[in-house]
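User: I am new to reading protein models. Please take one part and walk me through it slowly.

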Amino acid sequence: QYDYAPDHVHLTAKGYARLGEKYGQVIFQHVLRGRPFHPLEPRSVERRGSTIAVKFHVPAPPLRWDEALGVPDATRGFQLLSDGVPLPLARVEIAGADTVVVVPRDAAEGRLVLRYALAAAQVRPSGTRRFCQLCDSDPLVGADTGTAQPNYAVCFELPVPAA
């Protein structure tokens, strides 16, 4: 979610400033207010018929897509593997304030693993290949950069329990 230098490894000065603002928010909440910080992260994954539902811990509901980052691919950064082989997805959508639903194009069988933000099809302009759009609705605007600072979902790879 932060801007990268042309090497796609290091952040730009503004990218580091935005990262510092996020660190400051987390330190303020955790250390000064005594409220533990938990990122936008998956809490559970389950099969619901032919779909996969991922329930997230959302620091500032509801979930949303950050369209300003660009779309990494049609799957919005989600990938479903069956016995290690990627399955084509029909769609990925937000369902409610804290859930994302992943719908495979065909029946999903075998040992399933759900991945997020680990294999985008393209490099984001001023970014990296590992990016995605899922974020919360945190209203924080950075004091130094003046930019919105939502919490973005962490990268993950989780087994999908059998139905």
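Is valine 101 buried or exposed, and at what relative accessibility? Please look closely at that residue and its strand, then at what else the model shows.

Analyst: This is a predicted model. Let us start with the residue you picked.

Valine 101 sits in strand β7. Its relative accessibility is 11%. Buried means under 20%. Valine 101 therefore counts as buried.

Now widen the view to the strand. β7 is mostly covered, with 6 of its 6 residues buried. Take the two faces in turn. On one side are Thr99, Val101 and Val103. On the other are Val100, Val102 and Pro104. Every one of these residues is buried, and both faces of β7 are covered.

Next come the partners. β7 belongs to an open sheet of 4 strands, in the order β1-β2-β7-β6. The pairing in this sheet is antiparallel. Its edge strands are β1 (41-48) and β6 (89-94), and each of them pairs on one side only. On average, neighbouring strands here are turned by 15 degrees against each other, direction ignored.

In that order, β7 stands between β2 and β6. Look at the β2 side. Strand β2 covers residues 51-57, and strand β7 covers residues 99-104. They pair in the antiparallel sense over 4 bridges. Two pairs of residues show how the strands line up. Alanine 53 is opposite valine 101. Isoleucine 52 is opposite valine 102. Step down by one number in β2, and the partner in β7 steps up by one.

There is a lesson about sequence distance here. Valine 101 and threonine 51 are 50 residues apart along the chain. Yet their C-alpha atoms are separated by 6.7 Å.

Now turn to the β6 side. β6 and β7 run antiparallel, joined by 5 bridges. Here valine 101 has glutamate 93 standing opposite. So your residue has a partner on each strand: alanine 53 facing it from one, glutamate 93 from the other, and the buried state of valine 101 goes with its 11% relative accessibility. β6 and β7 also form a hairpin, with 4 residues between the strands. In this hairpin, glycine 96 takes a positive phi near 90 degrees.

Glycine 96 leads to a point about backbone angles. Two other residues have a positive phi although they are not glycines. One is aspartate 83, with a phi of about 50 degrees. The other is alanine 117, at about 60 degrees. Both lie in loops. Aspartate 83 is in the loop between β4 (78-82) and β5 (85-87). Alanine 117 is in the loop between β8 (112-116) and β9. Their surroundings contrast. Aspartate 83 counts as exposed, because its relative accessibility is 53%. Alanine 117 is buried, because its relative accessible area is 4%.

Those strands bring us to another sheet. It is open, has 4 strands, and follows the order β5-β4-β8-β10 with antiparallel pairing. β5 and β10 stand at its edges, each with a single partner strand, so one side of each has no neighbour in the sheet. The twist averages 30 degrees from one strand to the next. Within this sheet, β4 and β5 pair over 3 bridges, in the antiparallel sense. There, serine 82 has valine 85 in β5 as its bridge partner.

Two more loop residues deserve a look. Proline 62 lies in the loop between β2 and β3 (64-65). The peptide bond from proline 61 to proline 62 is cis, with omega near 0 degrees. Threonine 147 lies in the loop between β9 (134-135) and β10 (156-160). It counts as buried, because its relative accessibility is 18%. Its side chain makes a polar contact of 3.0 Å with the side chain of arginine 18.

Finally, consider open space. The second largest pocket holds about 230 Å³. It is lined by 13 residues, and the closest to its centre are Gln25, Gln29, Arg35, Phe37 and Asp138. Helix α1 (residues 13-32) gives the largest share of the lining, with 3 residues. By class, the lining has 5 nonpolar, 5 polar and 3 charged residues.

Back to your question. Valine 101 is buried, because its relative accessibility is 11%. Its strand, β7, has 6 of 6 residues buried and is covered on both faces.

Definitions and conventions. Residues are numbered from 1 along each chain as its sequence is written. This is a predicted model: local features need pLDDT of at least 70, side-chain atom pairs count only at pLDDT 80 or more; totals for chains, interfaces and linings use all residues. Side-chain values use heavy atoms; hydrogens and water are left out. On a 1 Å grid over the protein atoms alone, a cavity is a set of points where a 1.4 Å probe fits but cannot get out, and a pocket is an open set with protein on both sides within 12 Å along at least five of seven lines; lining residues have an atom within 4 Å of a point. Grid points are joined across faces, edges and corners, and a volume is the space filled by probe spheres set on the points. Ala, Val, Leu, Ile, Met, Phe, Trp, Tyr, Cys and Pro count as nonpolar, Asp, Glu, Lys and Arg as charged, and the others, Gly among them, as polar. Two strands pair if DSSP finds at least two bridges between them. Axes are lines fitted to C-alpha atoms, for helices over the stretch in contact, and angles run from 0 to 180 degrees between N-to-C directions. Buried means under 20% relative accessible area, exposed over 50%, partly exposed in between (1.4 Å probe, protein chains only). A polar contact is a pair of N or O atoms within 3.5 Å; within protein, one must be able to donate a hydrogen and the other to accept it, and residues adjacent in sequence count only if both atoms are side-chain atoms.
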